[in-house]
Amino acid sequence: MILHDYYRSSAAYRLRIALNLKGVATERRFVHLRRGEQRAAEYLALNPQGLVPLLEVGERRLTQSLAIIEYLDEKFPQPPLLPPGPEDRAWVRAIALSIACDIHPLNNTRVLAYLEHDLGIDEARRATWYRHWVSLGFEALERQLAERATGPFCLGHAPTIADVCLVPQVANARRFDVDLAPYPRIVAIDAACRALAPFAAARPDAQPDAE
Ligand SMILES: N[C@@H](CCC(=O)N[C@@H](CS)C(=O)NCC(=O)O)C(=O)O
């Protein structure tokens, strides 16, 4: 398998965590997003969306981090990233999706670049935009987690797909100086996860392409 990756990509970070939890090694190719390598013809031929991560599995090319994580969970069932009960599965998927679909896309590189170059929004207002959408998402997440997250992780005593999505989003929030004080449950789950070797090895500054 070949993982197309970028150290600062939080969607790729999700996948690095999942691969580490599963103990699955891949070849790595790095796509430098700030230099625009995701828009190069040879990368678009692999992934027409021009996004990372991309996982090549033989002749097949898998895109979308959550779809790839579910693929890995089916292919390498241990340790499971989805809990056994259907209601619990729906719950952890909902946490993962609220991050991957409702928070992250509003603050993606190409969105921030559009605000800057096409709409002329200055850096201070772009930062306000960023923090607004993360805070709105985290407020709801903190309340949802308060209802169910009684163990160290989003659900129970082992990380799931919800934690795999939460940790990279918290890393992004820290990078953009989002005040995390109002979200003690999120901060505690993030700390519990990052104490685990598979999460630690996936962090952006531990990657070979980190600058
Ligand atoms: N929904 C996609 C999102 C992928 C995504 O947005 N990747 C970002 C990095 S975190 C990217 O490649 N951005 C390139 C760009 O914005 O030009 C997934 O979960 O895989």
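Me: What makes Gln-64 a loop residue, and where is that loop?
Reply: In this predicted model, Gln-64 falls between strand S4 (60–63) and helix H3 (65–75), in the loop that links them.

Me: Why is Gln-64 called partly exposed?
Reply: Its relative accessible area is 43%. Partly exposed covers what lies between the 20% and 50% cut-offs, so Gln-64 gets that label.

Me: And what stands out about the phi of Gln-64?
Reply: Phi is positive there, about 70 degrees, although Gln-64 is not a glycine. Most residues other than glycine have a negative phi.

Me: Which residue besides that has a positive phi without being a glycine?
Reply: Asp-177, with phi near 55 degrees. Asp-177 sits in the loop between helix H7 (161–175) and helix H8 (184–194).

Me: Why does Asp-177 count as exposed?
Reply: Asp-177 has a relative accessible area of 60%. Exposed means over 50%, so the label fits Asp-177.

Me: What about Gly-23, in the loop between H1 and strand S2 (27–30): why is Gly-23 called exposed?
Reply: Gly-23 comes out at 65% relative accessibility. The bar is over 50%, so Gly-23 is exposed too.

Me: Why is His-104 called buried, then?
Reply: The value for His-104 is 15%. Buried means under 20%, so His-104 qualifies. You'll find His-104 in the loop between helix H4 (86–103) and helix H5 (109–117).

Me: How do you know that the side chains of His-104 and Ser-10 make a polar contact?
Reply: The distance is 3.4 Å. The cut-off for N or O atoms is within 3.5 Å, so the pair counts as a polar contact. Leaving aside neighbours within four places in sequence, His-104 is in contact with residues including Ser-10, Arg-14 and Gln-169.

Me: Now the ligand: which residues are closest to it?
Reply: 16 residues surround the ligand, and the closest are Gln-38, Val-52, Gln-64, Ser-65 and Asn-108. Helix H1 (10–22) gives the most to this shell, with three residues.

Me: What links the ligand to Ser-65 and Val-52?
Reply: An N or O atom in the side chain of Ser-65 is 2.6 Å from an oxygen atom of the ligand, and a polar backbone atom of Val-52 is 2.8 Å from a nitrogen atom of the ligand. The protein buries 91% of the 510 Å² that the ligand exposes when taken alone.

Me: What is notable about the peptide bond from Val-52 to Pro-53?
Reply: That bond is cis, with omega near 10 degrees. Most peptide bonds are trans. A cis bond also joins Gln-78 and Pro-79, where omega is about -15 degrees.

How values were computed:
Residues numbered from 1 in each chain as written. Predicted model: local features only at pLDDT ≥ 70, side-chain atom pairs only at ≥ 80, totals over all residues. Heavy atoms only, no water. Helix = DSSP H or I, 4+ residues; strand = E, 2+ residues; numbered from the N terminus. Buried < 20%, exposed > 50% of the residue type's maximum accessible area, 1.4 Å probe, protein only. Polar contact = N/O pair within 3.5 Å; in protein donor to acceptor, adjacent residues only side chain to side chain. Contact = heavy atoms within 4.5 Å. Near = heavy atom within 4 Å. Areas by Shrake-Rupley, 256 points an atom, 1.4 Å probe, with all protein chains shown as cover.
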